[in-house]
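Biologist: I am new to this one, so could we look through it together?

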Amino acid sequence: QVHLVESGGGLVQAGGSLRLSCAASGIIFRIDGMGWYRQAPGKQRELVADITSSGSTDYAESVKGRFTISRDNVKNTVYLQMNSLKPEDTAVYYCNVRALGGRWVEYDSWGQGTQVNVSS
């Protein structure tokens with residue numbers, strides 16, 4: 001099983017910055033994609049950013065130019081640097097990791113979620 005632990009959420013004023021981290025642990029042979037999703041109250045979960053094993057990135061249009069996703073393959077950790085935050089960025093942010101784990105099983109794992117609140 002691949003276990004994810006997120007950190008870095010909190011309350012920030014509009015225009016401010018936060019950095020989210022998500023560390024993967026367990027028996028991991030290979031991590032493929034890593035990403036961040038978010039879910040605001042009353043809305044569906046949506047992709048925020050994704051990064052492949054080769055470093056290719058993809059962003060939601062609403063966060064392009066403000067958010068940056070990165071990964072540390074030694075630490076099995078993915079980060080989301082969020083700048084110029086807006087009240088509409090308020091949501092629970094979830095980490096997602098696709099990995100080859102113990103017993104050569106492909107895992108699609110989710111973090112527990114971390115709350116981000118942006119005040120106006």
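Below is a short conversation about a sheet, a core and a charged residue.

Modeller: This is a predicted model, where local features need pLDDT of at least 70, side-chain atom pairs count only at pLDDT 80 or more, and totals for chains, interfaces and linings use all residues. Residues are numbered from 1 along each chain as its sequence is written, and side-chain values use heavy atoms, without hydrogens and water.

Biologist: Which strands stand at the edges of the open sheet of four strands?

Modeller: The order in that sheet is 1-3-8-7, with antiparallel pairing. Strands are DSSP runs (E, at least two residues), numbered from the N terminus, and two of them pair if DSSP finds at least two bridges between them. Each edge strand has a single partner, so one side is left without a neighbour in the sheet: these are strand 1 (2-7) and strand 7 (67-72).

Biologist: Which element gives the largest share of the largest nonpolar core?

Modeller: Such a core is a set of buried Ala, Val, Leu, Ile, Met, Phe, Trp, Tyr and Cys residues joined through side-chain atoms within 4.5 Å; buried means under 20% relative accessible area with a 1.4 Å probe, protein chains only. This core has 31 residues, of which Trp36, Leu80, Met82 and Tyr93 touch the most other members. The largest share, five residues, comes from strand 9.

Biologist: Which backbone nitrogen does the side chain of Glu6 reach at 2.7 Å?

Modeller: Glu6 lies in strand 1. A polar atom of its side chain is 3.2 Å from the backbone nitrogen of Thr114. At 2.7 Å, the Glu6 side chain reaches the backbone nitrogen of Cys95.

Note on methods:
Buried means under 20% relative accessible area, exposed over 50%, partly exposed in between (1.4 Å probe, protein chains only). A polar contact is a pair of N or O atoms within 3.5 Å; within protein, one must be able to donate a hydrogen and the other to accept it, and residues adjacent in sequence count only if both atoms are side-chain atoms.
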